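Got your viewer open? Here is a short tour, one selection at a time.

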Amino acid sequence: MTTTERAALDRLKAEVCALHAELLRWGLVAWTSGNVSARVPGSELMVIKPSGVSYEELTPDLMIVCDLDGKVLEGELSPSSDTAAHAYVYRHRADVGGVVHTHSPYATAWAAAGEPIPCAITAMGDEFGDDIPIGPFALIGDDSIGQGIVGTLDGHRSPAVLMRGHGVFTIGASAKAAVKAAVMCEDVARTVHLARQLGQVQRLQQQHIDQLYDRYQNVYGQAAPTAGPEGARA
């Protein structure tokens, strides 16, 4: 590994470590549950948290580096029990740069009920572009959960899946994007649950969902800087 590659890997380990604090900040995990991983760009490697270590004790040096078969290449501790699931996603989805798992309460309640979250509010149309789907039940320990994630999200706009009887898995182009999806998944799960206490919830019309998703993905936010007349960034 070159000095440049070593520096890039160390930065990614620090980023993945810091992103775990976001899971606590947004109330998505309890005790040592949940995990964040990131693909190492330009390689067949991933970074993931160690198993059973409290979030307050996590440091960049404790992050585990694995290959995409889940074999530990760097780190003194055992990797997350969900490592095989994350690795399966990376092997089968080249577009995925980050995977997150949480047991956030409202979204996990939908998973326990075995119900997809209907796309009933504009925030869901924006972020997910569809209902948040239910994936199959699968036991922890091998790549069965990964198979369920990939199979359920294949051809689906949603970056989140509710694994039946288990919890939430989200994907993204980066680990930060996957964390954002996990935060938004819990937010809309809570809102739609509360709405159902008031009465029947209607899914938005598909044409409106399509319009919301297109606007949010392609127009919302700040445009990328463009080159000025003398090549400067405008």
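We'll go stop by stop, each with something to select and something to look for. Keep in mind that this is a predicted model.

**Stop 1: a salt-bridge network**

Start by selecting Arg-6, Asp-10, Lys-13 and Glu-74 and showing their side chains; salt bridges link these residues in a network.

Zoom in on Arg-6 and Asp-10, whose side chains form a salt bridge with 2.8 Å from N to O. Both sit in helix α1 (residues 3–25), and because they are four residues apart there, about one helical turn separates them. An α-helix has 3.6 residues a turn, so residues three or four places apart point the same way. As for the surface, Arg-6 is partly exposed, at 27% relative accessible area, and Asp-10 is partly exposed too, at 37%.

Now swing over to Glu-74, whose side chain meets that of Arg-6 in a salt bridge of 2.9 Å, N to O. This pair ties together distant parts of the chain: Glu-74 belongs to strand β4 and Arg-6 to helix α1, with their positions 68 residues apart in sequence. Glu-74 is partly exposed, with a relative accessible area of 21%. That value sits just past the cut-off, because buried means under 20%.

If you feel like hunting for others, a search of the whole structure turns up 14 salt bridges.

**Stop 2: a loop residue**

Next, select Ser-78, in the loop between β4 (72–74) and α2. Is Ser-78 buried or exposed? Ser-78 is exposed: its relative accessible area is 53%. Which residues does Ser-78 touch, leaving aside its neighbours within four places in sequence? Show Pro-50, Ser-51 and Ile-64, and you have its contacts.

Before you move on, add Trp-110 to the selection and draw a distance from Ser-78, C-alpha to C-alpha. The two are 32 residues apart in sequence and 31 Å apart in space.

**Stop 3: two crossing helices**

Trp-110 brings you to helix α3, where it is one of the residues that meet α6. Select α3 (residues 105–113) together with α6 (residues 175–198): they pack at an angle of about 65°, and their axes are 7 Å apart. The two helices are therefore roughly perpendicular to each other. Their crossing is left-handed.

To see the contact itself, show Pro-105, Tyr-106, Ala-107 and Trp-110 on the α3 side. Across from them, in α6, are Cys-185, Glu-186, Ala-189, Arg-190, Val-192, His-193 and Arg-196. By type, the residues of this contact divide into seven nonpolar, one polar and three charged.

Stay with Arg-190 for a moment, since it also forms a salt bridge with Asp-187, with the closest N and O atoms 3.0 Å apart. Asp-187 and Arg-190 are three residues apart in helix α6, so about one helical turn lies between them. Asp-187 counts as partly exposed at 29% relative accessibility, and Arg-190 is partly exposed at 31%.

**Stop 4: a mostly covered helix**

Finally, select α5 (residues 144–153). How many of its 10 residues are buried? Seven are, which leaves the helix mostly covered. Colour Ile-145, Gly-146, Gly-148, Ile-149, Val-150, Thr-152 and Leu-153 to pick out the buried ones.

What covers them? Among the covering elements are α2 (83–92), β6 (134–135), β7 (160–163) and β8 (167–172). Then follow the chain out of α5 to Gly-155, where phi is positive, near 75°.

Key. Residues are numbered from 1 along each chain as its sequence is written. This is a predicted model: local features need pLDDT of at least 70, side-chain atom pairs count only at pLDDT 80 or more; totals for chains, interfaces and linings use all residues. Side-chain values use heavy atoms; hydrogens and water are left out. Buried means under 20% relative accessible area, exposed over 50%, partly exposed in between (1.4 Å probe, protein chains only). Contact means heavy atoms within 4.5 Å. Axes are lines fitted to C-alpha atoms, for helices over the stretch in contact, and angles run from 0 to 180 degrees between N-to-C directions. Angles under 35 degrees count as roughly parallel, over 145 as roughly antiparallel, 65 to 115 as roughly perpendicular and the rest as oblique. A crossing is left-handed if the near helix is turned anticlockwise from the far one by less than a right angle, and right-handed if clockwise. Ala, Val, Leu, Ile, Met, Phe, Trp, Tyr, Cys and Pro count as nonpolar, Asp, Glu, Lys and Arg as charged, and the others, Gly among them, as polar. A salt bridge is a side-chain nitrogen of Lys or Arg within 4 Å of a carboxyl oxygen of Asp or Glu.
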